[in-house]
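The following exercises ask a first-year student to read a protein structure step by step. Please attempt each task before turning to its solution.

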Amino acid sequence: SLENDVELLDDQEDAEIDTTEVKDTKVSERVIESVLTVNISPQSRLMTSPGTTAMIYFEVTNLRYTTLFMNFQAVDEHRFLRTINPPQANLGPGQTLVVTVVLQIPPTVEVGLRDRVTFTANGIVNVVQSVYVTVSSATSTQDSSAPWMYWTYGSRCEWRSSPGNCAGHVWSVEVSAQDWETGVLRIQSQPRGLLYRNQFTAGTRDPVLATYSASCCQPRVTITAFDLANNQKSISLDVRDIWLSEAAIAAVVLGCILLIILIVLLIFLCRWCYQRKRASRDLPVYRTERTRMEQR
């Protein structure tokens with residue numbers, strides 16, 4: 001009957017929605033890998049003067065779906081380290097814990113010294129993050145420039161970004177950040193999902209590489225890079241926006257140049273044809289005696 005057919009169609013639609021939600025959940029599980037991440041808070045005091053205290057805040061995040069028991073350790077090159085708190089903790093699923101490392105800078109230290117601090121989170125998963133603490137003075141040159149950022153899409157959601165067909169598909173973007181003055185502190189994304197591609201020491205002046213991946217059902221992201229002076233640079237991306245790669249931009253530029261050359265050639269040919277026609281009109285006409293007699 002008609003009522004039975006309608007009920008059957010409703011059941012099929014509910015089943016399709018449930019399947020879509022399951023696919024999207026599986027994609028999210030693959031996108032946000034089950035790892036432990038360590039980042040350095042922008043509130044950390046990484047540029048300090050002789051005779052003062054440096055505070056480093058390490059943000060340890062458990063991206064797994066299970067609780068992790070972690071031990072925390074820290075060492076530095078010049079033995080300025082005094083305390084680490086807490087030394088150990090349980091991290092629940094999705095929990096972020098701030099571990100504080102304190103360094104006491106002697107008053108006799110020369111300005112310009114860089115102390116490399118290495119922080120380690122030990123457990124089922126071990127993560128190491130290093131950072132430079134720089135001894136500066138009040139008259140030191142201040143860094144007021146934001147980090148430089150470059151990005152390119154690794155994969156996109158061509159024709160797959162609508163709510164009806166986005167499930168089961170993933171997009172990604174590759175990010176590079178660099179700061180030539182105080183160095184890059186960290187790169188973060190909102191929503192979460194950015195992972196570093198290379199091991200780096202916070203404060204490095206070399207490029208820092210990272211990758212962000214997400215389901216095509218989550219097409220937007222804001223990525224921010226910080227330097228040691230807490231300057232920041234943010235980019236907001238939407239994978240649905242029209243975006244041209246370097247090769248595509250080069251092809252468009254080349255096409256425009258060829259079009260301009262073609263227009264110039266057409267103008268030159270039109271002018272040449274016009275001048276030729278005008279010259280043929282201005283040629284003198286010579287008449288013979290016989291022609292004059294026939295005209296009479």
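The exercises below concern this predicted model.

**Exercise 1. Overall composition**

Task: State how many helices and strands the protein has, and what share of its residues is buried.

Solution. Step 1: The secondary structure consists of 3 helices and 17 strands. Step 2: Of the 296 residues in the protein, 35% are buried. Step 3: Among contacts with a separation of 6 or more, 66% are between residues 24 or more positions apart.

**Exercise 2. The nonpolar core**

Task: Determine where the largest nonpolar core lies with respect to domain 1 and domain 2.

Solution. Step 1: The largest nonpolar core has 56 residues, and those with the most contacts inside it are Ile56, Phe72, Phe119, Trp171 and Ile223. Step 2: Both domain 1 (32-139) and domain 2 (141-248) give residues to this core, so the core lies between them. Step 3: As a general background, nonpolar side chains tend to be buried together in soluble globular proteins. Step 4: Ile223 may serve as an example; beyond its neighbours within four places in sequence, its contacts include Met149, Val173, Leu194, Tyr212 and Ile235.

**Exercise 3. An open sheet and its edges**

Task: Identify which strands stand at the edges of the open sheet of 4 strands, and explain what this implies for their sides.

Solution. Step 1: The order of the strands is E1-E3-E7-E5, with antiparallel pairing. Step 2: Strand E1 (36-40) and strand E5 (81-85) each have a single partner strand, so one side of each is left without a neighbour in the sheet. Step 3: On average, neighbouring strands of this sheet are turned by 20 degrees against each other, direction ignored. Step 4: The pairing of E1 with strand E3 (residues 53-62) is antiparallel and runs over 5 bridges. Within this pairing, Ile40 has Phe58 in E3 as its bridge partner.

**Exercise 4. Two faces of a strand**

Task: For strand E6 (residues 88-91), decide which side chains are buried and which are not.

Solution. Step 1: The general rule is that side chains in a regular strand alternate between the two faces of the sheet. Step 2: In E6, Ala89 and Leu91 point to one face and are buried. Step 3: Gln88 and Asn90 point to the other face and are not buried. Step 4: E6 pairs with strand E4 (residues 68-76) in the antiparallel sense over 4 bridges, and Asn90 is the bridge partner of Phe69.

**Exercise 5. Strand E11 and its partners**

Task: Establish whether E11 is mostly covered or mostly open, and name strands that pair with E11.

Solution. Step 1: In E11, 7 of the 9 residues are buried, and the strand is thus mostly covered. Step 2: E10 pairs with E11 in the antiparallel sense over 7 bridges, with Ser172 in E11 as the bridge partner of Ser155. Step 3: E11 and strand E15 (residues 208-215) are also antiparallel, with 8 bridges. Here Ala177 stands opposite Val208 in E15.

**Exercise 6. Salt bridges across the sequence**

Task: Describe the salt bridges of Arg186, Glu174 and Asp238, and classify the residues involved as buried, partly exposed or exposed.

Solution. Step 1: The whole structure contains 4 salt bridges. Step 2: Arg186 and Glu59 meet through their side chains at 3.0 Å, N to O. Arg186 lies in strand E12 (residues 184-190) and Glu59 in strand E3, so the pair ties together parts that are 127 residues apart in sequence. Step 3: Buried means under 20% relative accessible area; Arg186, at 6%, is therefore buried, and Glu59, at 19%, is buried as well.

Step 4: Glu174 and Arg197 also form a salt bridge, at 3.0 Å, N to O. Glu174 lies in strand E11 (residues 170-178) and Arg197 in the loop between strand E13 (194-196) and strand E14 (201-202), so this pair joins parts 23 residues apart in sequence. Glu174 is partly exposed at 21%, and Arg197 is partly exposed at 48%.

Step 5: The closest N and O atoms of Asp238 and Arg220 are 3.4 Å apart in their salt bridge. Asp238 is in strand E17 (residues 232-238) and Arg220 in strand E16 (residues 220-227), 18 residues apart. Asp238 is buried at 11%, whereas Arg220 is exposed at 53%. Step 6: Arg220, Asp238 and Arg240 are linked in a network of salt bridges.

Definitions and conventions
Residues numbered from 1 in each chain as written. Predicted model: local features only at pLDDT ≥ 70, side-chain atom pairs only at ≥ 80, totals over all residues. Heavy atoms only, no water. Core = buried A, V, L, I, M, F, W, Y, C linked by side-chain atoms within 4.5 Å. Buried < 20%, exposed > 50% of the residue type's maximum accessible area, 1.4 Å probe, protein only. Domains from an automatic or database assignment. Contact = heavy atoms within 4.5 Å. Pairing = 2+ DSSP bridges. Axes fitted to C-alpha atoms, helices over the stretch in contact; angles between N-to-C directions.
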